[in-house]
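Work through the following exercises with the sequence and the model open beside you. Try each task before reading its solution.

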Amino acid sequence: MAVKVNEGIQLIELHDVINDVEMVFRPTIIWDDKDVVLIDTGYPGHLEDIKTSLEKLPNGKLTKIIITHHDYDHLGSLYEIIQGFDHKIEVYAHELTKPYIQGEKPLIKTGINVPKTLVDVTVEDGQVLPFCGGITVIFTPGHTPDHIGLYHQDTKTLITGDAMTADQGQLQIPNPKFTLDMDQALVSLNKFLDFDIETAICYHGGVCRDGIKERISTLAAGK
Ligand SMILES: [Zn+2]
C-alpha cells in the first residue's frame, strides 16, 4: 500500500512475516517529470507490490534505485526488480555497499551472498544527486559500516534508512539488536542536524513530522 508523504514523495508499505511476527518495511518513492526513484527494495518477493505502486504514479517508469545499506531487508528485492523490468534502471549505492550488492561479499548479519546486481553509480557523503530537485547523500555509519541517509531538498524530507526508527510518530535510536556499532550510530545522527528537516521517513516505523531537530539532538546525545 502506498502512503503519500508530500508532493512527489510517498512510501510503500511491504508486509512480511518474519519469525512468526508480522512486520512492515517502507521503501520510499520520489519522482518528478523525468525520474522515478526507489529508495530500498524490501525482502525478495515484492516485485508485484512495487509495480502496483509505480503504476499509480503520473510517470510510473522507474529509472533509479538507491540502496541505503546492505541489510537483506533493504536490498533483498533488488535483483528481481532489475530483472523484472525491460528498461534500464540505474542502481546507486555507497562504495562500501557495492560489493554486497554485486554478490562479492556475504551480507554481514545473515551471511547471504545475494545474486549479482551491478551498481551503476557509487555515491559519497555530501554528494547531491542531481535529480528530483536534488537528493543529498549523508554517510551515517553505525547501524552498518556502509549506511547512508538521504535528504530530499524539495520537500525537506529525510529518508533515515535504519539510522533511526520510529514509534508512534516519534523518532527513536536504531534497533540495538541489529545495530553493529551503536556509539558510532549515535555520533552519525549529528550529521542530520545540518539539514532543515520537516519530515522524516523511517524504514522501520514510518513518518515523523513533529519536533524533528530537537528529537535528533536528544537521541544523538544518548538521552
Ligand atoms: Zn532494516
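**Exercise 1. Find what the buried residues of helix 6 pack against, and decide how they are arranged around the helix.**

Solution. The buried residues of helix 6 pack against strand 15 (170-172), helix 5, strand 16 and strand 17 (206-208). Helices (H or I, at least four residues) and strands (E, at least two) are DSSP runs, numbered from the N terminus. The structure is a predicted model, in which local features need pLDDT of at least 70 and side-chain atom pairs count only at pLDDT 80 or more, while totals for chains, interfaces and linings use all residues. Residues are numbered from 1 along each chain as its sequence is written.

Next, identify the residues themselves: Ile212, Ile216 and Leu219 are buried in helix 6. A residue is buried if 20 or more other C-beta atoms lie within 10 Å of its own, exposed if 12 or fewer, and partly exposed in between, with C-beta atoms placed from the backbone. Seen down the axis of helix 6, its buried residues fall within an arc of 65 degrees, so they line one face of the helix. The arc is that of the directions from the helix axis to the C-beta atoms. Finally, look just past the end of helix 6, where Gly222 takes a positive phi of about 75 degrees.

**Exercise 2. Carry out the analysis for helix 5 (residues 182-189).**

Solution. Begin with the buried residues of helix 5, which are Ala185, Ser188 and Leu189. These residues cover an arc of only 105 degrees around the axis, which puts them on the same side of helix 5. Then ask for their partner: the buried residues of helix 5 pack against helix 6 (212-220). Packing is judged here by contacts, and two residues are in contact if their C-beta atoms, placed from the backbone, lie within 7 Å.

**Exercise 3. Describe the surroundings of strand 13 (residues 157-161), and say which way its residues point.**

Solution. First consider burial: five of the five residues of strand 13 are buried, and the strand is mostly covered. Thr157, Ile159 and Gly161 point one way, whereas Leu158 and Thr160 point the other way.

Now turn to the pairing, where two strands pair if DSSP finds at least two bridges between them. Strand 12 (residues 148-152) runs antiparallel to strand 13 and is joined to it by three bridges, and His152 has Thr157 as its bridge partner. The hairpin of these two strands has four residues between the strands, and in it Lys156 takes a positive phi near 50 degrees. With strand 16 (residues 199-202), strand 13 pairs in the parallel sense over four bridges, and here Leu158 stands opposite Ala200.

**Exercise 4. Work out the order of the strands in the open sheet of seven strands, and explain what is special about its edges.**

Solution. The order is 1-2-5-6-7-8-9, and the pairing is mixed. Strand 1 (2-6) and strand 9 (121-123) stand at the edges with a single partner strand each, so one side of each has no neighbour in the sheet. On average, neighbouring strands of this sheet are turned by 25 degrees against each other, direction ignored.

At one end of the order, strand 8 (residues 90-94) runs parallel to strand 9 and is joined to it by three bridges, with Tyr92 standing opposite Val121. Helix 1 (residues 47-55) lies across strand 1, strand 2 (9-12), strand 5 (28-31) and strand 6 (36-39), and it runs at about 155 degrees to strand 2. Axes are lines fitted to C-alpha atoms, for helices over the stretch in contact, and angles run from 0 to 180 degrees between N-to-C directions.

**Exercise 5. Is Ile29 buried or exposed, and which residues does Ile29 touch?**

Solution. Ile29 lies in strand 5. Ile29 has 22 other C-beta atoms within 10 Å, and is therefore buried. Not counting residues up to four places away in sequence, Ile29 touches Gln10, Ile12, Val36, Val37, Leu38 and Ser53.

**Exercise 6. Name the residues that touch the most other members of the largest nonpolar core.**

Solution. A nonpolar core is a set of buried Ala, Val, Leu, Ile, Met, Phe, Trp, Tyr and Cys residues joined through C-beta atoms within 7 Å. The largest such core has 54 residues, of which Val37, Ile65, Ile101, Leu150, Leu171 and Ala200 touch the most other members. Strand 6 gives the most to this core, with four residues.
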